[in-house]
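Reader: Could you walk me through this one? I'd like to hear how the parts meet.

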Amino acid sequence: MKRQNVRTLSLIICTFTYLLVGAAVFDALESKKEKTQKKKVYDRKQELMNTYNLSQFNFDELERVVLQLKPHKAGVQWKFAGSFYFAITVITTIGYGHAAPSTDGGKVFCMLYALLGIPLTLVMFQSLGERINTLVRYLLHRLKKCLGMRRTEVSMVNMVAIGFISCMSTLCIGALSFSFFEGWSFFHAYYYCFITLTTIGFGDYVALQKDHALQTNPKYVAFCFIYILTGLTVIGAFLNLVVLRFMTMNSEDEKRDAEQRALLSRNGQAGGHNQMRCTPDLPSSSSAASGCGGGSGNSGVGGAGRGLRNVYAEVLHFQSMCSCLWYKSREKLQYSIPMIIPRDLSTSDTYMEQGEAFSSDPLHPLHSNGCICSMHHPHSAISSVSTGLHSLTPYRLRHSKRRSSI
Amino acid sequence: MKRQNVRTLSLIICTFTYLLVGAAVFDALESDFEMREKEQLEAEEKRLQGKYNISEDDYRKLETIIMEAEPHRAGVQWKFAGSFYFAITVITTIGYGHAAPGTDAGKAFCMFYAVLGIPLTLVMFQSLGERMNTFVKSLLKRIKKCCGMRITDVSMENMVTVGFFSCIGTLCIGAAAFSHYEDWSFFQSYYYCFITLTTIGFGDFVALQKNRALQRRPLYVAFSFMYILVGLTVIGAFLNLVVLRFLTMNSEDERRDAEERASLAGNRNSMIIHIQEETLGRGGGARRSCGGGMGGGIGGGGMGCAFSHQNSFSSQLNPHQYFHSVSYRIEEISPSTLKNSFFPSPISSVSPGLHSFTDNHRLMKRRKSI
C-alpha cells in the first residue's frame with residue numbers, strides 16, 4: 001500500500017485508540033466524584049427549597065435567572081476591553097464561552113470574523129514562531145562559540161530542549177501571576193494557563209472575571225492579553241519546530257510520487273530528446289531546445305561531456321541518497337532556470353529532465369524511484385553540496401554558448 | 001529587510017488590527033443588549049428574592065448551589081460516553097467546558113492527555129485531509145474526462161471550490177440534524193456546528209446535553225461523535241489545501257537562504273576545481289588579474305575579483321565588486337539571492353544571472369582557446 005495511506009490509516013487507528021483510552025481513564029477518575037457531588041448538591045438544594053417552601057417550578061425559575069445572570073455578575077463583558085478579550089478567544093480558537101454573542105447579529109459577525117481571523121492567526125503564529133526559532137538557533141550558535149565549544153552547530157535536540165523549557169517557563173510564569181491576581185491555587189492557575197495556551201479553553205477558569213477587572217484594572221487586562229498572545233507564540237514556535245513537518249509529510253510524498261511518475265513516463269517516450277523543461281529564455285532560444293536535449297547526441301561534447309555526465313550522475317546519486325534533500329530540491333525547482341523567484345539552480349528537477357539523456361547509459365540506470373544510484377563517480381572531487389550548480393550551469397550554457405558562437 | 005521578517009511583521013500588524021476592529025464591532029453589536037438584559041435580570045432577581053423572602057446570605061448559597069448543579073442538570077457527564085465526548089473536546093481543542101475535570105487528578109491527567117493528544121490529532125487530521133484532497137482530485141479528473149472536457153487537469157480553483165462547498169455542505173447537514181435532535185433553530189444549530197468545527201467551542205450550545213442523551217440515545221451519541229470527527233476532517237482538508245502552505249513559508253525561505261549561504265561557502269573549493277577544469281589552471285592567474293577592472297570584460301576581472309572577494313563576500317558590497325561578484329555568484333548559487341538584491345541596470349531583471357554567467361563562460365571559453 002502507498003506510504004501515505006499506511007501513514008493515514010495508522011494515525012486514524014492511533015487517534016481512536018487514544019480517545020478510547022482517554023475516555024476510560026477520565027471515567028475512572030471523575031465518575032465517582034461526580035456522583036457524590038451531584039448527591040450533595042441535590043441534598044442542599046432540597047434543604048433550601050424546604051426552608052423557603054419553594055416548589056420545583058419556583059426553583060426552576062430562580063435557577064434560570066441565576067444562570068443567566070452569571071456572566072453579568074462577572075462584569076461588563078461587551079465594552080471594548082471585554083470585546084477585545086472575546087475577539088482574542090475567537091480568532092485563537094480558545095473559546096472560553098464566558099461571554100458568547102447573544103444577539104443574532106453578533107453570532108453572524110462572530111462566524112464571519114472567525115472565518116477570516118483563524119487562518120490569519122494560524123499563519124501569524126507560525127510565522128512569528130519560526131522567526132523566534134531562527135533567532136534562538138542563532139543565539140545558541142553564538143553562545144556555543146563564546147563558550148569555546150568545538151562543535152558550534154545547533155542540533156535539533158538542542159532546539160527541542162530549549163523549546164520545551166520555554167513552554168514550561170511560560171506556563172509557570174502565567175501560573176504564578178494568575179494565582180496571585182485571581183486568587184487561584186498555583187495548580188489551578190497552571191491548569192488554566194495550560195488549557196488556555198493549548199487553545200482548548202474550557203471556561204471553567206477564566207481570567208479577568210473577578211472584581212470587574214475588565215473595567216477597573218487596565219494594567220492587569222493588558223498583561224492578560226499580552227500573556228495569552230505571547231504564550232501562544234511560544235507554543236506555536238514549539239509546534240513549528242516539532243509538529244509542522246509531520247503535517248506536510250503526506251503532501252511531500254504525494255508530490256514526489258507524482259514527479260517520479262512523470263519522469264518514468266517521459267523516460268518512456270523521449271529517450272533523450274526532451275524539450276519540455278529547457279530554458280526558453282536563453283538568448284539562443286531556437287537552439288535552446290535542442291541544446292537541452294541534445295546532450296547525448298552532441299558530438300561537440302566529447303570527453304568533457306562524458307565527464308559532465310558523471311558529474312550529473314554524482315548529483316543525482318547524492319540527491320537520491322538523502323530523500324529529505326530530494327523533497328527539498330524537487331520542491332524548489334518548480335520554475336525553469338530563468339525565473340529569478342528564488343529557486344535553486346542546483347536542484348534535481350532539471351537534472352532529471354536532462355538526466356534522461358543519460359538514462360539509456362548502462363552505467364547510470366534510472367531506477368524506478370527516479371534516482372540514479374550509480375556507483376561510478378570518476379569526478380568525485382567535486383564537492384557534493386553544490387555539485388548541481390557546477391553541473392547545471394556549465395552544461396547548459398556551454399551548449400547554448402556553443403551554438404550561439406557557431 | 002529579509003523577506004521572512006517583513007512577512008512576519010505584516011502578519012503581526014494585521015492580526016492586531018483585526019483584533020481591534022473585531023472588538024469595536026462586537027462592542028457595537030452586543031453592549032446595548034447586554035445592558036438591557038442585565039437590568040432585566042437584576043430586576044427579576046430582586047422580584048424573586050422578595051417573592052420568596054430569601055435573605056442575602058441564603059441567596060448567595062442558592063446561587064452557589066445552582067452553579068454547581070449546572071453540569072449535573074445536563075446528565076451524567078463522566079460515564080464512558082460522556083468521558084469519550086470530553087476526550088474528543090480535549091484533543092481536538094474544541095473544549096466546550098460543559099464538563100470539566102473536577103478532581104485535581106483529572107485536571108493533571110487532562111493536561112498530559114492533551115500534550116500528546118493534540119499533536120497526534122493535528123497530524124491525523126492533516127494526513128487524512130490530504131488523502132481526501134488527493135482522492136477528490138482524482139475523482140474530479142475522472143469526471144472531467146467522462147464529461148468529455150478538453151482540459152482534464154484539476155486546477156487549484158476547482159479544488160478550492162469543491163472544498164468550500166464541502167465545508168458549507170457539512171455545516172448545513174449538521175445544522176439540520178442538530179436542530180432536529182436538540183430542538184434548536186436552524187440558525188442556532190448552524191452556529192453550533194460552525195463554532196464546533198472551527199474548534200472554538202464556546203459551550204453556549206452543546207449537543208448531547210438534553211434529555212440524558214448521553215446515556216439514553218446511543219445512536220444519536222454515535223452520530224454526534226462521527227459528525228464532529230468527520231466535520232473536522234473536512235475542515236482540515238480545506239485548511240490543508242489552502243492554509244498549510246502559508247504555515248511553512250518562512251521555514252522554506254530560511255532553508256533556501258541557508259542553502260545559498262552553504263553554496264557560497266562551498267564555492268571556494270568547487271570554484272577552483274571548476275576553473276581548473278575549464279581554464280587549465282588559470283585559477284591562480286585569475287587572482288592576479290583582479291585589478292584589471294571592468295575594462296577587460298566581465299569575465300576576466302570578474303573571475304579574479306570573485307576569488308578574492310569570496311571570503312569577504314557579504315550582502316553589503318559596493319557596486320563594482322558586487323557586479324563582479326554577482327556574475328560569479330549567479331554561476332554558483334541559485335538566482336534566489338538575486339531577488340534579495342539590486343541589479344546593475346544593463347542586466348535584464350528576468351535572467352541576469354544567465355547573461356552574466358554566459359559572459360563568464362564566453363570568457364572562459366576564450367581562455368581555453370587561447
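Reader: Which residue's side chain meets that of Arg47(B) in a salt bridge?

Author: Quick caveat: this is a predicted model, where local features need pLDDT of at least 70, side-chain atom pairs count only at pLDDT 80 or more, and totals for chains, interfaces and linings use all residues. Residues are numbered from 1 along each chain as written, chains are lettered from A and ligands numbered from 1 in written order, and side-chain values use heavy atoms, without hydrogens and water. A salt bridge takes a side-chain nitrogen of Lys or Arg within 4 Å of a carboxyl oxygen of Asp or Glu. At 3.6 Å, N to O, the partner of Arg47(B) is Glu61(A).

Reader: How many salt bridges cross the interface of chain B and chain A, and which helix gives the largest share of chain B's side?

Author: The rule finds 8 salt bridges there. On the side of chain B that touches chain A, 35 residues come from one helix (a DSSP run of H or I, at least four residues, numbered from the N terminus). That's residues 3-52 of chain B, helix H1.

Reader: Is H6(B) largely enclosed or not, and why?

Author: Count its buried residues, meaning those under 20% relative accessible area with a 1.4 Å probe, protein chains only. Among them are Tyr190(B), Cys193(B) and Phe194(B). They pack against helix H4 of chain A, plus H3, H5 and H8 of chain B. Since 9 of the 12 residues are buried, H6(B) is largely enclosed.

Reader: Which residue with positive phi follows H6(B)?

Author: H6(B) covers residues 186-197 of chain B. After the helix comes a residue with phi near 60°, Thr199(B).

How values were computed: Helices (H or I, at least four residues) and strands (E, at least two) are DSSP runs, numbered from the N terminus. The expected span of a helix is 1.5 Å times one less than its number of residues. Buried means under 20% relative accessible area, exposed over 50%, partly exposed in between (1.4 Å probe, protein chains only). Contact means heavy atoms within 4.5 Å.
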